Each structure stands twice: as structure tokens, then as C-alpha cells.
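Student: Hi! I have a new model open and would like to go through it with you. Could you start me off?

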Amino acid sequence: MMPLILWRMSLDLVLDDRACKRLEMSLGLHFHGGNALGEITLAHRFLRDDLSGSTVLRLVRLSSGLAIEVAAFGDGGAYPQDEFQGLIEQVSRELGGLRDEPPSAASGSESHYWRPEKVGAVAERIEVEAGQVVMPFYIMCDVSTSMARDMAALDGTLRRLQREVVEQPVVDDIARFSVLTFSDSAKVATPLGHFSEAALPSLSVEGGTNYGSAFRLLAQTLDADRQRLRSAGYLSYRPCAFFLTDGQPSDRDWKDTFRRTLTYDRSTGRGNRSHPVFVPLGIRDAPVDVMRQLAYPPGRSRWYVAKGSNVQEAIHDLFGVITSTVVASSQAVGGRAALALALPPPGSDVVSGDSSFDTM
Amino acid sequence: MQAWSDASRDKSRNARHQGVRGPPRSEHLCCAWKASAQMCRIVRTGRSPRPPTRRVRVARTSRFCILRVVSKDAIEPPIPDGSGYHARSRDLMFLGIDSDALDRWRSRRSPLGMSAIQYDGFRRALLRALERDDLSLDACDIRLKGSSAEFFSGHHKQLPRGLDAIVDLFRATRGRMPESWEISEIEHRLRNQWITDGEFPRRRPFDSLYRLSIAREQSDVDLQIASDEVVRRCEEVIVERGLSPEGARLAHPVYDFVQKDLIESATPHLYLFALRASDALNRHVSLAIFPSSGPRNTTQTHGPLSAHFRDGDWKIVPTPAPSETSS
């Protein structure tokens, strides 16, 4: 019964006793006291609590700061949608009110000196700060028939990635995710956005392994997302696309399609100038030489192939690479670093290497 | 070492079963005794004359002995705070602990802050949570720690005396500077309602910060759970995330208990039990997880702060039982 975070909002809040009192009164939170060592849950309120599951509104201390969230245990996620929306609005309104509160209502200006300037909650997410930096990640999943037995593992691993991202507000704030699936054709399963706000569909098996359809759709999606982010006032890092496949391409012209849609030739000015960092991840029958050629651009990208016979472990290991890359890259954004591709997990069957794109 | 005058020892024997002795009295004497009794220097610190009957107790510290004249309102059997101070009836009065609650606490029928009925419900709920988390009771050693079990908090939590200490503690606890009237109120409660004779306990008694209005919340209930199985599950949570369960990822770098954010994933019913119990008791129930061997013995480095297993720890038997035993 792992808890599932249904909703979370980062807080920039001075949690003094007056803020506690107000949240206690307005949201019914029970505060746990300031002396408990190492506590993560600082306050809570059961929204639902019965034998089948529990839903808890709680104030938590994370490594990145405070957050308020709704956590579901058991089938506690089955919380009525309209009540849930009402709750979120109430919480957002109340925390917005705290932001507007004068530093010390009781004492006037007498005690202003001690209180930090950063007072109140920031209900980000909706309000885009001008020039906010985001890092888009695209996860492309092969759903061809050869993946039939491993679809559940892929589905589960994808959800675990989502959970891990959501549990780290700093990562969730900066990273944007989109999930694409491909077989004979390709489609966008989850549009680009916060993982914490994304509803991942259940992946299902389709047809063959047409790389070209996936490359074309990715290029179109990248273009549309870039324009959307720009018009919303975001600054975007170069996107990173993880391409997970278990087989050989069924289309003969995949090389040309790749070169045309997802690479850029500086000398001729041909191709896609806004190309992503393309990271191929191969399992089962995915040929290493193809994976080498798909790692783009050379010097910035790498290829990864899981050589073990256990496909579920291979998927797990490769998603470990994705998770580590996402976390390291998102946390490095403040320090001006960009994409930081992770090395294969120690002890795993994953091998990795530099790109051979130039020899294509 | 404890030395009692014969007369007071007899009186003490006669009165031991009474629990609290006599009305609150503010006066007392204390002596610092270096090397020998002949060098004893008596320092009078009380404001009123010495009471006609008194008992003398000697507590040995590392460098010298302290001779203390125990005031008439001392509680029997004594509840020492380790510095030579023994809890007095005025403390109980200020803290809102009646003689029944004290009796229950002494006989381990309920910790401070809980009635016997609440404690019974608390244990039953704890048992259900462990069962629902698929944890064998044999695999868990559960102990009640902190001031609800021991009357006084740990040695590192000293009762503030002066203005600076009060303000520092208020800021740490409430996250803001106190208003001047709030400081006055705390000082009034401390010096006029509670410690009227200048004899302070060194460690904080149960609920004392709440009663002084320094803390908003009452003292919490500290549960220490030692179980290799729970630790193993916490490690699994880390491993599932593709990380190695080493160092600070698993254990708190300072307090050495398993990082508390792992508990809700490893033992979700135990986590929910703590939240429910906090609601029911209106005081926080804190969980600290350790390996089956218990917290490391850090007496060498941390002295009395070490949280290792001790004889006399309050072991909780989650099944309903008439009373609990020392380990």
C-alpha cells in the first residue's frame, strides 16, 4: 500500500505559529509541534479514513522546502472529484491569503525586523514567472507486439518514474514530460506538462516497429511544444528524448527520416535546428549498431543497451538511467548545467557508449 | 550515593505510599561539598526560613557532591532529573498531573498524557497497524521514550530560566520572536505560578513548555520501534528507486533513526496509526525506527544523550495487558 501523491503544491511560507493557527482553523490541519526530530509530516488532516483506504491532506517538509499535498493510501485515491477540486481551491485560496497577510498583524510594525521578506505561499503552477526555465523530456515507448509480455512492467515502471519525480518538487517544477508510443504508427499518450498533473494512460500493444513514424511525430510535437512554452513565457532547455525499443526497425528509410527530422547539419543548414538530445535505450533484440547511430548529437548523447535476458529487469534498469538523468539535470539547472546523462546503474546488465552518428 | 538522615528516612518510609507529600514549600538548602563533608559550604537559596523538618540527600556528580535538603513537597518515591533535582508536588500541580495519573504512570498502566482507557486503545490500534503491515510482533521491540514515559525530557532539553533562553526557545518552537507581553506571561507563569523559590529542574518536565505557553502543542508521545524487518523494508523502498540504501539515505545523519520519509512507504499502516493516534490524543505521536539491536550506544561520545536500550525502558506490549514491564 504505497502512498500515492494525488496533488502537491510547493510552499514558500514562513511557518510560524500564527500561520499554523490559521491553517489549523481554515483547513482543519492538526499540527505536530516544532520539536519532533526529523519529522517529515508537520501537520495532517484525514479527508477519508476507512478500511479500504485513507486520503490525507498534509503539510510536509521536503529537502527543497515545504509543500502541501494530498496523499492516498490503499484506495484512498477514490476521493470524489468535485470534493477534491473544492479542496484544492480552498487550500490555494487560503495559502494565497497567507501570502497577503501583513508580517505581524498583532504587533504592528514593532516586530517587522525579524521576519524574512519572503513571506507567504507561492501558488506557482498556474502563475508563470517571466523567464522561468523548464527542461522538457520525451519518453518514447515501443508498444509493438514483441513487447506484449512486458507491457505491464513498462506501464508500472513509467508510473514509478512519475511518482519519483512528483516526490521531488524541485524536479517536478523544472522538468516537463511527454510520453509518446510507437508501433506501426505513433501517438502522443501524454502531452508535455508536469508529471504531477499528468494522467498516464495504460499502455497497450499495437503493431510493428516503425521508427520513422516515431521520429516524425516527435519532431512535430517538439515544434508545437516549443512554441507553446515560448508563448507562455518559459525559457526552455534543449529537450531530451528517450527512445525505448526492443526490436529492429521495420521501415527501411528510418535513417533518412531520423537525419531529416531530428538532426541538424551546421555546414549545410539542413535539418531541424531545434533538435532534441536523442537517447536510444535498447532491450531484447534492439541492435547495438542501430542504437549507436541514433545517439545524437555526438558528444552530448549516449546509447544504452540492456543485455540481460530478463526484460523486466532491463526495463527497470533503463528507467533507472532516465530517472537519474532527469533528477540530476533538473537539480543542476540552478547551477547553469544542462543535461547530465547518467551512467548505467552499477551491477546492472546495461552497457552504454558514445554516439556513432557520424559514421551513419 | 544517597545519604538520608535517620529521622527523615523513617518519615520517608511512612509516607512513601502517599505519593505526594505535604503542601508546596518554596524553601530549600543546597550544599556544594568538595572532597569531604567538613568542607561543605551551605548556601541558602530559598527566600523563606528553613522548614522545621528536612531530609538531606547527597547526589554525586563527576567533580563534587551536592548535598540537597529535600523540601517537604517532594514526591515519593523520588523522580530525579539527574542534576540533583527531584520532582515536587508544585511541579505536578503546574503540569496538571494528578496523583491518579502519577500512580498509573509509575505502575506503567498509562504514560503521562493518556488515561488508562486511552492507553489501552492506543496499544490495540498499534497492534492492528502492525498486523495490517504484516509485521510479526516478535520481530518488533517497541518502547515508549521521552517525557511521557520518563517524566523529564532528555538531558539536552533544558528548562529555560533566563530571558535569553526563553526567547531563544520560543523562537525555535514557534518560528517567530515573542511579543513583549508574551514574554511577560511566560515569565509570570514560570516564576510566579511554578518555580517560586528559584529551584529549577534542569531538564524539562512533561508538558512544561506547553504549560508555560512557550509551545503551542503538548508534549508528544515518542515511540521507538526496533525491527530489522522494518529497516529491511525501508531499504527496499530506496532500492526500488534505483539507489543504494547507504548512509544518510537510510539513517538520519544525526539521530541515527531510519529516515522518517521512508516509514509511510515501508509500513503505511504504522504511519497512519501515528496520525490517527495524534488526532485522538491531541498530541503528536512520533515514530523512530531502529534495527532490532536498538539505537547505537553512543554513551562514549554523547553521554546521557545516547538513546540505546536501557534497563528500565518502558516496553510496550501491544496486546492488552494489565500493566507493562521493564525491559
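**Confidence first**

Tutor: Happy to! This is a predicted model, and chain B has a mean pLDDT of 77, with 70% of its residues at 70 or more.

Student: Which elements of chain B have the lowest and the highest mean pLDDT?

Tutor: Strand β2 (residues 41-44) of chain B has the lowest mean, 34, and helix α8 (residues 208-211) of chain B the highest, 96.

Student: Where does pLDDT stay under 50 in chain B?

Tutor: One stretch is residues 1-54 of chain B, for which the model has 100 contacts beyond four places in sequence. Residues 58-67 of chain B also stay under 50, and there the model has 26 such contacts.

Student: And what is the mean pLDDT of chain A?

Tutor: For chain A the mean is 79, and 84% of its residues reach 70 or more. Among its elements, strand β10 (residues 240-245) of chain A has the highest mean pLDDT, 93, while helix α2 (residues 81-100) of chain A has the lowest, 74. Look out for residues 100-130 of chain A too: pLDDT stays under 50 there, and the model has 39 contacts beyond four places in sequence for them.

Student: What are the ipTM and pTM scores?

Tutor: The ipTM is 0.75 and the pTM is 0.56.

Student: OK, on to the chain-chain contact. How many residues does each chain put in?

Tutor: Chain A gives 32 residues and chain B gives 27. On the chain A side, α1 (17-27), β2 (30-31), β4 (53-62) and α8 (311-332) of chain A each supply at least two residues. The most comes from α8(A), with three residues.

Student: What about residue classes on that side of chain A?

Tutor: The side of chain A that touches chain B divides into 15 nonpolar, 13 polar and four charged residues.

Student: Let's do sheets. What is the strand order in the five-stranded sheet of chain A?

Tutor: The order is β1-β5-β4-β3-β2 (chain A), in an open sheet with antiparallel pairing. β1 (4-11) and β2 of chain A stand at the edges with a single partner strand each, so one side of each has no neighbour in the sheet.

Student: How many bridges join β3(A) to β4(A)?

Tutor: Eight, and the two strands run antiparallel. β3(A) and β4(A) form a hairpin with two residues between them. If you want a pair to click on, A:R45 has A:L57 of β4(A) as its bridge partner.

Student: Which residue is the partner of A:L57 in β5(A)?

Tutor: That would be A:V70. β4(A) and strand β5 (residues 65-74) of chain A pair in the antiparallel sense over 10 bridges.

Student: And what joins β2(A) to β3(A)?

Tutor: Two bridges join β2(A) to strand β3 (residues 41-50) of chain A, and the strands run antiparallel. A:H30 has A:H44 in β3(A) as its bridge partner.

Student: What does the four-stranded sheet of chain B look like?

Tutor: That sheet is open, with the order β7-β6-β5-β8 (chain B) and mixed pairing. At its edges stand β7 (285-290) and β8 (314-315) of chain B, each with a single partner strand, so one side of each is left without a neighbour in the sheet. Strand β5 (residues 141-145) of chain B is joined to strand β6 (residues 221-226) of chain B by five bridges, and the two run antiparallel. B:K145 is partnered by B:D222 in β6(B).

Student: Which strands does α11(B) touch?

Tutor: α11(B) packs on the sheet, touching β6 and β7 of chain B, and its direction makes about 150° with that of β7(B).

Student: How does α11(B) pack against α4(B)?

Tutor: Helix α4 (residues 116-132) of chain B and helix α11 (residues 268-281) of chain B pack at about 160°, with their axes 8 Å apart. The two helices are therefore roughly antiparallel, and α4(B) passes α11(B) in a right-handed crossing. Their contact includes B:F122 and B:L126 of α4(B) and B:F273 and B:A277 of α11(B). By class, its residues are nine nonpolar, two polar and two charged.

Student: Last one: are α5(A) and α6(A) roughly parallel or antiparallel?

Tutor: Roughly parallel. The axes of helix α5 (residues 211-231) of chain A and helix α6 (residues 254-262) of chain A cross at roughly 5° and come within 9 Å. Among the residues that meet are A:F215 and A:L218 in α5(A) and A:W254 and A:F258 in α6(A). This contact has seven nonpolar, three polar and one charged residues.

Key: Residues numbered from 1 in each chain as written. Chains lettered and ligands numbered in written order. Predicted model: local features only at pLDDT ≥ 70, side-chain atom pairs only at ≥ 80, totals over all residues. Contact = placed C-beta atoms within 7 Å. Nonpolar A, V, L, I, M, F, W, Y, C, P; charged D, E, K, R; others polar. pLDDT = per-residue confidence, 0-100. Axes fitted to C-alpha atoms, helices over the stretch in contact; angles between N-to-C directions. Parallel < 35°, antiparallel > 145°, perpendicular 65-115°, else oblique. Left-handed = near helix turned anticlockwise from the far one by under 90°. Pairing = 2+ DSSP bridges.
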